[in-house]
Amino acid sequence: MSAAHETMQEVAGLRVAIVGAGMGGLTCALALAKKGFKRIDVYEYAGDLGFVGAGIQLPPNMARILSRLGCWDNIEKEAVKIYSTSIRQGSTNQELAHVDLSSIEKEFGVQHQVGHRSNLAGSLYAECQKHTAITFHFSTSVEEIISFGPHPTFTTLSRTDNSTATVEVDILLGADGIKSRVRTGMLQALNIDAKIVDTEQAAYRIMLKRDQMKHDPELLELIDSSRVTRWIGERRHVIAYPVSANQVYNISTAHPDTHFAAAPSATYTTRGEKAAVFEVYKDFGELVHKLFALVPEGEVCEWKLRVHEPLPTWVHHTTALVGDACHPTLPHLNQGAAQAIEDAAVLSVVLSHLPSSSASDINKALKVYEEVRKERADTLVMMAAQSGKTLQLGEGAAKEERDKVFARLKEGKGGGKVPDKWADSDVQRMIFGHDCMAIAEERFEELFAAV
């Protein structure tokens, strides 16, 4: 056996632990298995993936990765292709701007689509189950990180039988979300203070079925469309689109937080009152109210929107953070899941290029991951926050100027600039045209040598 082959076998045999089975964690496991890693364990607090959730945007930069991982075809079967976005005044339903998105497929190789989170997570999980290298530990929480390297060590607690275990691995990936214990422990070890930031915003997430909407021609047009519709007002907006092959209409909002303000920081979701939804959006028009009226009492969920301060690093020894654990974002750019999936894809590239199985080389490879991903992710977090502020302007000069830009767009004179950054052609080129795996492949040797 050649020395190179022995090295490949040693790298493939590295013990990898992934904390969290969200989009980032599932993609990490699948991408690493596809690269030949043989010992991948995923620890998830929940008893199963609980295939629930709301709609999710499936942009070309995400689809490109999922296609390479072999699960895009299944996701696309139920997805809805989006060919336009309509931005409307919330109070009147007057269209401020209509942006044609039909050229996205020609420019980026796949049309922008939307789907259901359960289909995305389920397709990733189903593909993971084809790989004997991946073991899932559901109902298992990571309690304490004892060491971040050279051999990360942590304790686990089984919620099934209350048994505990101490686990030692070679690589630890914290994909455990905004409340990440891996991040908390890492920052404490590095003596870094990066607090969770209260955005003072919350969101309702609502799913309506076709049967609920089919009686009303105006509502039926919405669910039959290939359009994202956004109703905007002062400090609040509603975004909606069809998913699940136009059988479900997904509605998500953003508005000032009132219910979580006095709650402990661990609280992120609550059951909302239907009357409260109408109160928050009382100045929005009849069409939005007709949608809200269809929501069954007791099925209103409200999410607290939280982020944390930008981190100075995502890596410590042979441990790295992934997705919301290191760059949680507001939903106004529709890139949260896509950025976690980009993280996972880049990790699979850099770890597959390890020249040895040593802890020092693993650390250098993880720093290459950070170099490839961090600036882009932090930039998109900032852009999402700014886009949200622009869409939720109150009366005044800034709103007047924004609406003038929308008016020029509607007349075909916008020059591609859209205040809703997600629909701006230059922003789309920057986000959708980015091939993170190709960049990691091309730059690995250069960046690895520079670490």
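1. Let me start with a pair worth a look in this predicted model: Arg376 and Glu342 are both buried. Their side chains meet in a salt bridge, with N and O 2.9 Å apart. The two residues come from distant parts of the chain, as Arg376 sits in helix 13 (residues 359-391) and Glu342 in helix 12, 34 residues apart. The pair is also part of a wider arrangement, a network of salt bridges that links Glu342, Asp343, Arg373 and Arg376. As background, side chains of opposite charge can pair when their charged atoms come close.

2. How many salt bridges does a search of the whole structure find? The count is 21. One that you may like to display is Arg15 with Glu168, where the closest N and O atoms are 3.4 Å apart. This pair, too, links distant parts of the chain: Arg15 belongs to strand 1 (residues 15-19) and Glu168 to strand 11 (residues 164-168), with their positions 153 residues apart. Glu168 has a relative accessible area of 43%, so this residue counts as partly exposed.

3. For a salt bridge in another setting, try Lys282 and Glu279, whose side chains meet at 3.1 Å, N to O. Is Lys282 buried or exposed? Lys282 is exposed, because its relative accessible area is 55% and the cut-off for that class is over 50%. Glu279, at 48% relative accessibility, falls in the partly exposed class. Set beside this pair, Arg376 and Glu342 in point 1 are buried.

4. Now to the nonpolar interior. The largest nonpolar core holds 85 residues, and the members that touch the most others are Ile18, Leu66, Leu120, Phe154, Leu173, Leu351 and Tyr369. Which helix gives the most to this core? That is helix 12 (residues 336-352), with 10 residues. Helix 12 is also where Glu342 of the buried salt bridge is found. In general terms, nonpolar side chains tend to be buried together in soluble globular proteins.

5. Leu120 is a good residue to centre the view on. Leaving out residues up to four places away in sequence, Leu120 touches Met23, Ile56, Leu58, Met62, Leu66 and Ile75. Leu66 in that list is, like Leu120, one of the core members that touch the most others. Apart from this core lies another, of 27 residues, which includes Ala97, Val228, Val418 and Ile431.

6. Helix 9 (residues 217-224) and helix 11 (residues 286-293) make a pair to inspect: their axes come within 11 Å and cross at roughly 80°. Helix 9 is therefore roughly perpendicular to helix 11, as crossing angles of 65 to 115 degrees are classed that way. Which residues meet here? From helix 9 they are Glu218, Leu219 and Leu222, and from helix 11 Leu287, Lys290 and Leu291. By type, the contact has four nonpolar residues, no polar ones and two charged ones.

7. A few backbone details deserve a check by eye. Gly149 and Pro150 are joined by a cis peptide bond, with omega about 5°. Pro150 is placed in the loop between strand 9 (140-147) and strand 10 (153-158). Two residues other than glycine have positive phi: Ala245, near 55°, and Asn334, about 60°.

8. Where do these two residues lie? Ala245 is in the loop between strand 15 (236-243) and strand 16 (248-256), whereas Asn334 is in the loop between strand 20 (319-321) and helix 12. Ala245 has 40% relative accessibility and so counts as partly exposed. Asn334 has 14% and therefore counts as buried, the limit for that class being under 20%.

9. Leu190 offers a view of a contact across the sequence. Leu190 lies in the loop between helix 7 (181-189) and strand 13 (196-209), and is partly exposed, with a relative accessible area of 29%. Beyond neighbours within four places in sequence, Leu190 is in contact with Thr313 and His316. Leu190 and Thr313 are 123 residues apart along the chain, yet their C-alpha atoms are separated by 9.6 Å.

10. Finally, Ala450 is in helix 16 (residues 436-450). With 65% relative accessibility, Ala450 counts as exposed. The C-alpha atom of Ala450 is 31 Å from that of Ser67, and the two residues are 383 apart along the chain.

Definitions and conventions
Residues are numbered from 1 along each chain as its sequence is written. This is a predicted model: local features need pLDDT of at least 70, side-chain atom pairs count only at pLDDT 80 or more; totals for chains, interfaces and linings use all residues. Side-chain values use heavy atoms; hydrogens and water are left out. A nonpolar core is a set of buried Ala, Val, Leu, Ile, Met, Phe, Trp, Tyr and Cys residues joined through side-chain atoms within 4.5 Å. Buried means under 20% relative accessible area, exposed over 50%, partly exposed in between (1.4 Å probe, protein chains only). Helices (H or I, at least four residues) and strands (E, at least two) are DSSP runs, numbered from the N terminus. Contact means heavy atoms within 4.5 Å. A salt bridge is a side-chain nitrogen of Lys or Arg within 4 Å of a carboxyl oxygen of Asp or Glu. Axes are lines fitted to C-alpha atoms, for helices over the stretch in contact, and angles run from 0 to 180 degrees between N-to-C directions. Angles under 35 degrees count as roughly parallel, over 145 as roughly antiparallel, 65 to 115 as roughly perpendicular and the rest as oblique. Ala, Val, Leu, Ile, Met, Phe, Trp, Tyr, Cys and Pro count as nonpolar, Asp, Glu, Lys and Arg as charged, and the others, Gly among them, as polar.
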